[in-house]
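Colleague: I should be grateful for a close look at a single part of this model. Please begin with one residue and then work outwards to its surroundings.

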Amino acid sequence: MVGAMPVNLIPKFCNGAMDSHNGGEECDNQVFIGSRVKCNDDFGTVKYIGEVQGYKGIWYGVEWDKAERGKHDGSVDDVQYFKTTKPNAGSFIRPNKVAPYKTCAEAIRRYYGDREDETVAAHRRTVINEWKREMGAPFIEMVGFEKIHQKQKFDRLLEVCVHDQNVSKAGNVAALCPNVRSLDVSQNLFSNWREVIQLSAQLPDLRELDLSKNRMAIDMPEETLTQLSINFSALEKLNISVCDYEWNDILALSHLWPKLNELIVAYNRIKKISPPEVTLHTLTVLRLDGNPIENWSEVMNLGRLKNLKVLSLNDCHISAIRFNDDPVFGKVDIFEKLEVMFLNRNSINDWRSVSELDKLKSLKKLYFLKNPVQKNEDYDTCSQMIIAKIGNLQELNGSLITRELRRGAEYDYMKRYGAEWKLVQNNPELKTEFDIEHCRFQQLIAKYGIPEDSLLVKTPKTMTLTSQLLEITLRDENGKVLKKKFPSTMAVQKLVTLAQRLFSKGNTGSPTLHLLDDQMQGAEIILDNVMKDLAYFSVKNGDTILIRFR
């Protein structure tokens, strides 16, 4: 059984009140283990129903969505009544403290039945009065007219929103508003997918469904979900953000949505992503914002979604983007149709990550704001760097990239790094590192030619290539030692990348660099600002840098 909200199995507390029920048109307030409840403005899941030693009557043991609402882990006076998945997220409440349930049909009737446009109402009264005059019967009652009007009004509903209305069951929606195409039932009290399926089954033309901020257990196997997918045959857009799901839960549920185009699964618990083998290949838009993904290799597992055009990864804690270490200009064979990407507010701290995005064949629009790599430059400079590094980009952060803007950005980029490019041409190893870091540079030279020396960011004339190279000993904690020569102008980030490649065998995690200072009897200086060059940390010829993996 796959479930996003595991429910403890506590047979000794089972009683009739815990059994599920189908319910009629009006929703009763029967609560069972696994039920979702609301108390004031707090939402939680019932984990226990019964007596509590030392207290009279029946209590509900609830694990709250917001752990700070709780008081304990389900244990009172050394008696464990239930267990919480988060520390101190549980408490007991009386049954009369929970908000009464509604069916979706009841919520729609209450919310939309009391609302009527005054212009429509006035027109309706005028029509009735004209009928009465024509019939010569001013005092006759139009029996049933109100019911007919109400029925017609609900039949016309195409978009329905019953957000935060304590809805826990479907009810008879088909008899009320069968033509609904867009339904928002976010932040309600659905406890499992059976009720959602029953709801969708009554709306054959349902195309958009918002289920965000519900916590629904998945209590059916994938084979059953596949069979029930007929009830979502028209569904194109689905929002299941803030539902406490992992990626495996999404994959299991995806058997329900055979024609889905847009999927929003923001702010769940998605950290690991396995490739979708069978489902989700109709997706054109996928929004994963706010999930703790961190590692770009997980994102790459989505690369075979052949129709994906928009991928949103805001606030996902991504620290670096790497497709490969191929210094030769070329495109990757994944995300072949991806045109739009959102990468705002991540932890990206190196410009090579931006260069890597040039390997996407179809990328046209990028949103890239508030990443650490942008802190040391102003907005315009950062924008120029991004534009120069990604050749196919047509729009950055919502602004169109004109031909003149691109030409200026690319030429300034060449002037900024042209001197370094010339410096490494006679050193194959450094040239490879430069080509990896600046994968478009050779293409730009072919486009514009080599910039004149007078235009380049200059290095001191008194220094020759030989005098600028520092011989440095690299050593990891396993005793592996390598001696390499690097220019003093080399950014620490490049050395981190090289260390990752040369010392990754037998080590896991990301490398950090520590300069061993002989003058301070072996004290370690952490090279913690990766955007600075080696000279900034006073690295000298013959120094030793210790590589630690964390």
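Modeller: Trp296 is a suitable starting point: with a relative accessible area of 3%, Trp296 counts as buried (under 20% relative accessible area, with over 50% exposed and partly exposed in between; 1.4 Å probe, protein chains only). The model is predicted, so local features need pLDDT of at least 70 and side-chain atom pairs pLDDT 80 or more, whereas totals for chains, interfaces and linings use all residues. Residues are numbered from 1 along each chain as its sequence is written, and side-chain values use heavy atoms, leaving out hydrogens and water.

The structure holds 15 aromatic pairs (Phe, Tyr or Trp rings, the six-membered one for Trp, with centres within 6.5 Å; stacked under 30 degrees between planes, edge-to-face over 60, otherwise tilted). One of these joins Trp296 to Phe323 in an edge-to-face arrangement, 5.8 Å centre to centre with 85° between the planes. This pair links distant parts of the chain, 27 residues apart: Trp296 belongs to helix H7 (residues 296-300), and Phe323 to the loop between strand S15 (310-312) and strand S16 (340-342). Helices (H or I, at least four residues) and strands (E, at least two) are DSSP runs numbered from the N terminus. Phe323 is buried as well, at 10% relative accessibility.

Helix H7 also gives two or more residues to the lining of the largest pocket, as the next paragraph sets out.

The largest pocket holds about 1000 Å³ of space. Its lining comprises 36 residues, and Ser319, Ala320, Gln500, Ser510 and Pro511 lie nearest the centre. The elements that each give two or more residues to this lining are H7, helix H11 (428-437), helix H14 (492-503) and strand S22 (511-517). H14 gives the most, with five residues. By character, the lining divides into 11 nonpolar, 13 polar and 12 charged residues. Here Ala, Val, Leu, Ile, Met, Phe, Trp, Tyr, Cys and Pro are nonpolar, Asp, Glu, Lys and Arg charged, and the others, including Gly, polar. A pocket is an open set of 1 Å grid points where a 1.4 Å probe fits, with protein on both sides within 12 Å along at least five of seven lines; lining residues have an atom within 4 Å of a point. Points are joined across faces, edges and corners, and the volume is the space filled by probe spheres set on them.

Elsewhere, Tyr413, Tyr417, Trp421, Phe434 and Phe441 form one aromatic cluster.
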